[in-house]
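Student: Could you take me through the disulfides here, one at a time? I'd like the geometry and the surroundings of each link.

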Amino acid sequence: MSPGGAGCSAGLLLTVGWLLLAGLQSTYGINITAVQDPSLANEGEGENEVEEEAENDSEAENEPQAEAEEDVSNRTVVKEVEFGMCTVTCGVGIREVILTNGCPGSESKCIVRVEECRGPVDCGWGKPISESLESVRLACVHTSPVNRFKYIWRLLRPDQQAIILANDSAILEVHRDTHPKAFECETWDNNEIVASIKFTIYTTTELQMKRSSRPDTDAVLVFVLTIGVIMCIFVIFLLMFIIINWAAVKDFWGAKASTTEIQSELSSVRYKDSTCVDQSPTEIPGHEDDASSEWNE
């Protein structure tokens, strides 16, 4: 082989080798780069770790902010809720929970729910729910459902220990006796007393006496109320008449006032005339004395 041909073949092989190397680098460029320059790979991993730490720090900072926002939102919700009046002044009752913001439509307030409320335990002396000459029905303090509570009935005796009755329901029916009796009912919820009320059961004779004396009081009360209502109606109609016929009323009172003024003027003139008449006879004797003295001279 000639020297020129050997040089051409060597150049051709070198060119083919570079082309193959370039193809391999383009196909496996990422792996080759990672192998050829490991420092770059370490730098990339360091940057990823820094980014992950920054994200963790930002999440850690955002969590207290989110908790603070939740606390603020909860506080605003508490401020936006109002509680209605309890239905009872003692014992256990119910009340309304009213929302003052966020109601549907244009309503300023809306009822969210109804919840239980409690007052003082001692309810004092109560009244029967129904009574007759033979028996009386008494009721403990309770709310629905009735079977949720435990009821203890006692027969109270003066200077003696009370007797616990076998009845454990909220309603107790008692027959009247020859002597008045006193009963007490306690309402318990989860081994805690929530209400206590007492009742007095009168005898048939005492009840009849109370009923016989009651109509007099009722009659007087009805009479007073009737008179008061009639007077109120009369005053209302009088005011309406004056408002409707104001012009005529004004003319009437004006004419009456002018008549009063004329009468007062006439009375004053008459008084002056009477004073003049009273003074004239006192002057006449003086003139007569003068005339007699001149005649004598």
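Tutor: Here's a walk along the disulfides and the cysteines that form them. Keep in mind that this is a predicted model, where local features need pLDDT of at least 70 and side-chain atom pairs count only at pLDDT 80 or more, while totals for chains, interfaces and linings use all residues. Residues are numbered from 1 along each chain as its sequence is written, and side-chain values use heavy atoms, with hydrogens and water left out.

The structure has four disulfides, a disulfide being a pair of cysteine sulfur atoms within 2.5 Å. Count the bonded cysteines along the chain and the pattern reads 1-5, 2-6, 3-4, 7-8.

Take Cys90 and Cys123, whose S to S distance is 2.2 Å. Their link is right-handed, with 120° about the S-S bond. Cys90 sits in the loop between strand S1 (81-83) and strand S2 (92-99), and Cys123 in strand S4 (residues 122-125), so the pair ties together parts 33 residues apart in sequence. Strands here are DSSP runs of E, at least two residues, numbered from the N terminus. Both cysteines, Cys90 and Cys123, are buried, meaning under 20% relative accessible area with a 1.4 Å probe, protein chains only.

Next, Cys103 and Cys110 have their sulfur atoms 2.3 Å apart. The torsion about their S-S bond is about -85°, so that disulfide is left-handed. Both Cys103 and Cys110 are buried.

Then there's Cys140 with Cys185, at 1.4 Å S to S. With 95° about the S-S bond, the link of Cys140 and Cys185 is right-handed. Cys140 lies in the loop between strand S6 (135-139) and strand S7 (150-156), and Cys185 in strand S10 (residues 181-188), 45 residues apart. Cys140 and Cys185 are both buried.

Terms used: Helix = DSSP H or I, 4+ residues; strand = E, 2+ residues; numbered from the N terminus. Buried < 20%, exposed > 50% of the residue type's maximum accessible area, 1.4 Å probe, protein only.
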